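Hi everyone, thanks for making time for this. I'd like to walk you through one structure today, so let me put it on the screen.

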Amino acid sequence: MEKSMIRVWDLPVRIFHWLLVLSFTGAFVTAESERLRDVHVVLGYTVLGLLAFRLVWAVVGTRYARLSSFAFGPRALADYLRSLLTTRPRHYLGHNPAGSWVIYLLVLLGITAGATGYATYNDIGGEWMEDLHEGAANAMLTLVFVHVAGVIVSSLLHRENLVKSMVTGYKLRHDEHPG
Ligand code: HEM
Ligand code: HEM
């Protein structure tokens, strides 16, 4: 059994992921409180710092952490979605194309929320910047729900526990991935 397990997510990716979950959630729940503004700002900067690290790790990290292993165009996305309707949905060891597109958007929105938060905090831009900040944060929250739903659906579809893999780093090797 042990032999058919393969390490997919390296330690930095896993630590990045769960710290991102904590800091994003923390920034969100402290957002409306005047008293907790400092906490909000620190957590917001933590989100930005984590994303900056992840962009670097997308170039120099291990195989499945690198963007080159999950850079999918619209065609790959459409092919993957179509395969979900068949009896043999396509399986990926790393991020699948649908998950990858949600991840691209999560990262973009996280950077937008962080940057507009910085601007708001430093009185750059005024009212519209505040609106943009709140809008980016809310859009990100919506996508987090899509992300978690996708993780659950994908886990059921491929009969594998993706959440457990994001904790341990390991996945079961499928037949279609020999070697
Ligand atoms: C709360 C905010 C969340 C954010 C911003 C977020 C963001 C992300 C990002 C950026 C990745 C890509 C990981 C990488 O390659 O570095 C990812 C992957 C993943 N996330 Fe989340 N995530 C969140 C919550 C969650 C939660 C609550 C769960 C568990 C239920 C979860 C489960 C996963 C899993 C399993 C993967 C790997 C998916 C795969 O196998 O392709 N995430 N997430
Ligand atoms: C990246 C993660 C972040 C998230 C998810 C987030 C989320 C939010 C949300 C939802 C609000 C609106 C609160 C309301 O309803 O009034 C807000 C307000 C605010 N955020 Fe952030 N934020 C983030 C990062 C930052 C950063 C990095 C800073 C500063 C450097 C910051 C500074 C502020 C300030 C000053 C406000 C109050 C704006 C106002 O007066 O309406 N945020 N944030």
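To warm up: what percentage of the residues of the protein count as buried? Of the 179 residues, the share that counts as buried is 36%. Please keep in mind that this is a predicted model.

Let me start with the overall layout. The protein has six helices and two strands, and reading along the sequence you meet them in the pattern β-α-α-α-α-α-α-β. If you draw a box along the principal axes around the C-alpha atoms, it comes to roughly 55 × 30 × 25 Å.

Now to the inside. The largest nonpolar core is made of 15 residues. Among the residues with the most contacts inside this core are Phe16, Leu20, Leu106 and Met140. Helices α1, α2, α4 and α5 are the elements that each give two or more residues to this core, and α4 gives the most, with five.

Next, the ligands, beginning with ligand 1. Which residues coordinate its iron atom? They are His17 and His147, each through NE2, at 2.0 Å. The site has six donor atoms with angles of 86 to 179° among them, and that makes it octahedral. His17 sits in helix α1 and His147 in helix α5, so this pair ties together parts of the chain that are 130 residues apart in sequence.

Are these two histidines buried or exposed? The cut-off for buried is under 20% relative accessible area. His17 is at 18%, so His17 counts as buried. His147 has a relative accessible area of 23%, so His147 is partly exposed.

Staying with ligand 1, let's look at its surroundings. The shell around it has 19 residues, and the closest are His17, Arg54, His95, His147 and Leu162. A polar side-chain atom of His17 is 2.7 Å from a nitrogen atom of ligand 1, and for His147 there is a side-chain N or O atom at 2.8 Å from a ligand nitrogen. The elements giving two or more residues to this shell are α1, α4, α5 and α6, and α1 gives the most, with six. His95 also makes a polar approach: an N or O atom of its side chain is 2.7 Å from an oxygen atom of ligand 1. By residue type, the shell divides into 15 nonpolar, three polar and one charged.

On to ligand 2, which has an iron atom as well. Its protein donors are His40 and His133, both through NE2, lying 2.0 Å from the iron. His40 belongs to helix α2, which covers residues 37-60, and His133 to helix α5, and the two are 93 residues apart. This site is octahedral too, with six donor atoms and angles of 87 to 180° among them. His40 has a relative accessible area of 15%, so His40 is buried.

And what surrounds ligand 2? There are 21 residues, the closest being Glu32, His40, Tyr45, Glu130 and His133. A polar side-chain atom of His40 lies 2.8 Å from a nitrogen atom of ligand 2, and one of His133 lies 2.7 Å from a nitrogen atom of this ligand. Glu134 joins in with a side-chain N or O atom 3.5 Å from an oxygen atom of ligand 2.

To leave you with one picture: helix α5 holds His147 for the iron of ligand 1 and His133 for the iron of ligand 2. Thanks for listening!

Technical notes: Residues are numbered from 1 along each chain as its sequence is written. Chains are lettered from A and ligands numbered from 1 in the order in which they are written. This is a predicted model: local features need pLDDT of at least 70, side-chain atom pairs count only at pLDDT 80 or more; totals for chains, interfaces and linings use all residues. Side-chain values use heavy atoms; hydrogens and water are left out. A residue is near a molecule or strand if one of its heavy atoms lies within 4 Å of it. A polar contact is a pair of N or O atoms within 3.5 Å; within protein, one must be able to donate a hydrogen and the other to accept it, and residues adjacent in sequence count only if both atoms are side-chain atoms. Helices (H or I, at least four residues) and strands (E, at least two) are DSSP runs, numbered from the N terminus. Ala, Val, Leu, Ile, Met, Phe, Trp, Tyr, Cys and Pro count as nonpolar, Asp, Glu, Lys and Arg as charged, and the others, Gly among them, as polar. Donors are N, O and S atoms within 2.8 Å of the metal (3.2 Å for Na, K and Ca); water is not among the atoms, so sites may look incomplete. Four donors count as tetrahedral if all angles lie between 85 and 135 degrees; four count as square planar and six as octahedral if opposite donors are over 155 degrees apart and all others between 65 and 115; anything else is irregular. Buried means under 20% relative accessible area, exposed over 50%, partly exposed in between (1.4 Å probe, protein chains only). A nonpolar core is a set of buried Ala, Val, Leu, Ile, Met, Phe, Trp, Tyr and Cys residues joined through side-chain atoms within 4.5 Å.
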